[in-house]
Amino acid sequence: MSRTPSAPLAGWTLGEHRAGGIVHPTYRRGSGPGVIVVHELPGITPTVVRFAEEVVDAGFTVVMPLLVGEAGRPPSAGYMAASAARLCVSREFTTMAVGRSSPVVAWLRALARDLHASCGGPGVGAIGMCFSGGFALGMMLDDATVAPVLSQPSLPFAIGRRRAGDLGLDPDEAARVARRAADGCAVLGLRFDGDRLVGDRFESLARLLGGAFVAVEYPSSGPRDHSVLTEQRRDDAVRRVVAFLRERLAGA
């Protein structure tokens, strides 16, 4: 496998991670405590790379797995549709069922354990966006993840009331996540207040996590506002995420 990705991923080390019969490419850069940045649809776009590089510059080792789409390709309507179709047919992702975690979450948990072993410290951060937003919550099932960030969590697709509030966890997983929150693992959530794709998940997170859930909401300027850290980027949101990572991972 090539170790010299082309722009805009120049400077990132290309690798791959295998766990539970699943394999995906990964891109790694930086030094310091580990942070996993999981992209949104349609893939690792230039704005996702920009955000990840800011986390690197803040003093962290960042790993970006590529779950769908292509690395470095800008978004377009056709590309978005193709990646969404891939998401819907893949067995790795639970897009409609309630009370179930996606199989890829177990793969991400294994990636987090490996990154923690590599970087040391109190644990790693996990940042999910859009379809991957809730994955950071599921990664809390392992003690390795100590700084979960949920940006506009959007799975399962918010079609109907049950799905709109579902967190992608089965009852046992939800109980374990709640215990970790009660033991001091804070969870940061970000969204635009008019984003219908998020549904009622912030309310569900507050009920499950109590005071451990830190909700940060920004006023929507229009119906297209969705990607808080990338396409409709809020600089103050990026700063808030970096501050949260520093607070949670300072022991490293």
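A pocket, on a 1 Å grid over the protein atoms alone, is an open set of points with protein on both sides within 12 Å along at least five of seven lines. A cavity is a set of points where a 1.4 Å probe fits but cannot get out. Lining residues have an atom within 4 Å of a point. Grid points are joined across faces, edges and corners, and a volume is the space filled by probe spheres set on the points.

This is a predicted model: local features need pLDDT of at least 70, side-chain atom pairs count only at pLDDT 80 or more, and totals for chains, interfaces and linings use all residues. Residues are numbered from 1 along each chain as its sequence is written, and side-chain values use heavy atoms, without hydrogens and water.

Pockets to begin with. The largest pocket has a volume of about 500 Å³. Its lining has 22 residues, and Met80, Leu197, Arg224, His226 and Ser227 are the closest to its centre. By class, that lining has 10 nonpolar, six polar and six charged residues. Ala, Val, Leu, Ile, Met, Phe, Trp, Tyr, Cys and Pro count as nonpolar, Asp, Glu, Lys and Arg as charged, and the others, Gly among them, as polar.

The second largest pocket holds about 160 Å³. Which residues lie nearest its centre? Glu16, Thr26, Arg28, Val63 and Leu111, out of 12 lining residues. β1 (13-19) gives the largest share of that lining, five residues. β2 (22-30) and α3 (103-119) each supply at least two. Helices here are DSSP runs of H or I, at least four residues, and strands are runs of E, at least two, numbered from the N terminus.

Now the closed spaces. There are two cavities of 30 Å³ or more. The largest holds about 110 Å³. Of its 13 lining residues, Ser102, Phe135, Leu155, Leu167 and Gly168 are the closest to its centre. The second largest cavity holds about 40 Å³. Its lining includes Leu155, Leu167 and Arg201.

Last, helix α2, residues 77-89. The expected span is 1.5 Å times one less than the number of residues. For 13 residues that gives 18 Å, and the end C-alpha atoms are 19 Å apart, which agrees. Tyr79, Ser83 and Leu87 are its buried residues (under 20% relative accessible area, 1.4 Å probe, protein chains only). They sit on the same side of α2, because they cover an arc of only 75 degrees around the axis, taken from the directions from the helix axis to the C-beta atoms. Ala77 and Val89 are exposed (over 50%) on the face turned away from the buried side.
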